[in-house]
Amino acid sequence: MSEPPKKAPAERKRWKQVVTGIIRWTWIPAACAAALLAGLAVGYVYIGKQSASDIFHFSTWRHVYDLIFSDT
């Protein structure tokens, strides 16, 4: 007697493929954003001795921009 044919290995479910694809395409931008926030915290808080909440204020970065690109 012959054995019944073996089934092909089950394909990965669609949702696993979607999640894997999302992780593959977003981990580099997420790592870059985390590195940016860590760099801001180290540079502004630890080196500059300023408050961490000031990192997220637009006026802080406007002041930095004005200092860098002033005409003097």
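**Exercise 1. Get an overview of the fold and its surface.**

Start with the secondary structure: the protein has two helices and zero strands. Keep in mind that this is a predicted model. Next, turn to burial: of the 72 residues in the protein, 4% are buried. Finally, look at the surface, where about 7,000 Å² is accessible and carbon and sulfur atoms account for 67% of that area.

**Exercise 2. Place Lys 49 in the chain and describe its backbone and its exposure.**

First, locate the residue: Lys 49 sits in the loop that lies between helix 1 (14-47) and helix 2 (58-68). Then check the backbone: phi of Lys 49 is near 55 degrees, which is a positive value in a residue other than glycine. Last, consider accessibility: the relative accessible area of Lys 49 is 66%, so this residue counts as exposed.

**Exercise 3. Is Thr 60 buried or exposed, and which residues does Thr 60 touch?**

Begin with the position: Thr 60 belongs to helix 2. Its relative accessible area is 11%, and the cut-off for burial is under 20%, so Thr 60 is buried. Now for the neighbours: leaving aside residues up to four places away in sequence, Thr 60 touches Tyr 44 and Asp 54.

**Exercise 4. Find the salt bridge and describe its setting.**

Searching the whole structure gives one salt bridge. The partners are the side chains of Arg 62 and Asp 66, at 3.8 Å from N to O. Both residues lie in helix 2, and because they are four residues apart, about one helical turn separates them. To finish, compare exposure: Arg 62 is partly exposed at 43% relative accessibility, and Asp 66 is partly exposed at 38%.

Terms used
Residues numbered from 1 in each chain as written. Predicted model: local features only at pLDDT ≥ 70, side-chain atom pairs only at ≥ 80, totals over all residues. Heavy atoms only, no water. Buried < 20%, exposed > 50% of the residue type's maximum accessible area, 1.4 Å probe, protein only. Areas by Shrake-Rupley, 256 points an atom, 1.4 Å probe, with all protein chains shown as cover. Contact = heavy atoms within 4.5 Å. Salt bridge = Lys/Arg side-chain N within 4 Å of Asp/Glu carboxyl O.
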